[in-house]
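The exercises below concern ligand contacts and helix packing, and each is followed by a worked solution. Please study the sequence and the model before starting.

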Amino acid sequence: MLKALLLENVHPLSVEILAANGVEVVTRSGALDEQELIEALKGVHLLGIRSKTQVTAKVLESAKDLVAIGAFCIGTNQIDLKSAALQGVAVFNAPFSNTRSVVELAIGEIISLTRRLTERDKALHNGIWDKTAEGSHEVRGKTLGIIGYGNIGTQLSVLAENLGMSVVFYDTAEKLALGNAQRLTSMDELLKVSDIVTIHVDGRPGNAGLFGESEFSKMKPGAIFLNLSRGFVMDNSALRSAILSGHISGAAVDVFPVEPKKRGDQFESELRGLPNVILTPHVGGSTLEAQESIGEFVANKMKDYIRTGTTTLSVNLPNLALESTTGITRIAFLHRNTPGVLAAVNNTLAAFGTNIEGQLLATRGEIGYVVTDTDSSVDIEALEALKSMDQYIRIRVMPPAAPKN
Ligand SMILES: NC(=O)c1ccc[n+]([C@@H]2O[C@H](COP(=O)([O-])OP(=O)(O)OC[C@H]3O[C@@H](n4cnc5c(N)ncnc54)[C@H](O)[C@@H]3O)[C@@H](O)[C@H]2O)c1
């Protein structure tokens, strides 16, 4: 029976999904340090973590039974992905499960800032009846400029149009414009026409310092600015100056170049205390719905991998989308990607009289993944012969034991 160890309070839905697929699941609320993890992984096939557990090369080398790791979060920096691949351990994460939450926060902030809600709210809490239309606008008819038209940017585009906004976007990649959104060919063009500018680019190193004094100066006077992407893409001092000069009439920032490590820690930033500026502690994707959605997504990826060998969206193995294994025996062979492996696998299988029904190969850098379906059972000696190949990393034969119910 396969065993899973789920750490860091991953959503209970993931336990349900794995258990329903015949996996024995053990959960622990906290993270484990390196030595504790090495001990805990003995006899464990599936590991579930969030951002705090570090899965180092040393952990992976000692975790001989480990087949897959689920990162129940977006980032995978906490896992040595290369070592995992070389040990034949698939890593999955949840790249889009919290994107809707980010979009909803952005929409809420766009309306809050255009109505100067933070100021009205603060005044009233201080006992001042500040009833005025000064500086307050509807979002209907305003132009929203989206920089980075990916998972988040595109969803925001659709919702913003439904609020009656005009959407323009700029993306370095070719992107299909949804609805009536208009693609612009430069960021400058976008800054010139947008009443609200929102950044949703990814965290590639080249995006460091993407938005600074020069970009703020190109925005329309009185425009609004949002950054819910990565802290290092914008210059906080430049935003502070733009707000204090009145050139930018409001801003919402969810991500910072340096963020405190844990809840309750002190937060320092030049953006604190500015008028009509909403600061949130990197909670764009932090909703209970997103947690559930992450739990479901990652657990299903792990389940599919153990049942069918599917590696779709794995962050470290070649991606192969595979059908279910009903009526066939599947041999999934992870290997070092060198010329001639496929021929060698097939020669070995032929030598043991294995009839190949179907076969797929994918490679990713140093790693190759060949999946062979056969209508017969597989000779144990054929598997031993495959294991003795120089390029061998791991072999799995599916289907695994049938589910309990
Ligand atoms: N605040 C939060 O809690 C939170 C939660 C989830 C994601 N995020 C962040 O939001 C950002 C967007 O996430 P996503 O899932 O939409 O990413 P994505 O990869 O789907 O989309 C990013 C888009 O930005 C484009 N891009 C990259 N560099 C660009 C540039 N310099 N100019 C214009 N376009 C550029 C890419 O081509 C891509 O289309 C990421 O940085 C992610 O880390 C934040």
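**Exercise 1.** Is the crossing of helix 1 and helix 11 right-handed or left-handed?

*Solution.* The model is a predicted one, in which local features need pLDDT of at least 70, side-chain atom pairs count only at pLDDT 80 or more, and totals for chains, interfaces and linings use all residues. Residues are numbered from 1 along each chain as its sequence is written, and side-chain values use heavy atoms, with hydrogens and water left out.

Begin with the elements: helices (H or I, at least four residues) are DSSP runs numbered from the N terminus, and the pair consists of helix 1 (residues 12–20) and helix 11 (residues 288–308). Their axes come within 8 Å and cross at roughly 25°, where axes are lines fitted to C-alpha atoms over the stretch in contact and angles run from 0 to 180 degrees between N-to-C directions. Helix 1 and helix 11 are therefore roughly parallel to each other, given that angles under 35 degrees count as roughly parallel, over 145 as roughly antiparallel, 65 to 115 as roughly perpendicular and the rest as oblique. The crossing is right-handed, a term used if the near helix is turned clockwise from the far one by less than a right angle.

**Exercise 2.** Describe how helix 12 and helix 13 pack.

*Solution.* Helix 12 (residues 341–351) and helix 13 (residues 380–387) have axes 9 Å apart and pack at an angle of about 155°; helix 12 and helix 13 are therefore roughly antiparallel. Their crossing is right-handed.

**Exercise 3.** Which polar contacts does the ligand make, and which helices give two or more residues to the shell around the ligand?

*Solution.* Take the polar contacts (pairs of N or O atoms within 3.5 Å) in turn. Oxygen atoms of the ligand lie 2.8 Å from a polar backbone atom of Ile152 and 3.0 Å from a polar backbone atom of Gly285, while a nitrogen atom of the ligand is 2.8 Å from a polar side-chain atom of Asn207. Next, the helices that give two or more residues to the shell are helix 5 (99–114) and helix 7 (151–162). Finally, the axes of helix 5 and helix 7 come within 9 Å and cross at roughly 45°, and the two helices are therefore oblique to each other.

Definitions and conventions: A polar contact is a pair of N or O atoms within 3.5 Å; within protein, one must be able to donate a hydrogen and the other to accept it, and residues adjacent in sequence count only if both atoms are side-chain atoms.
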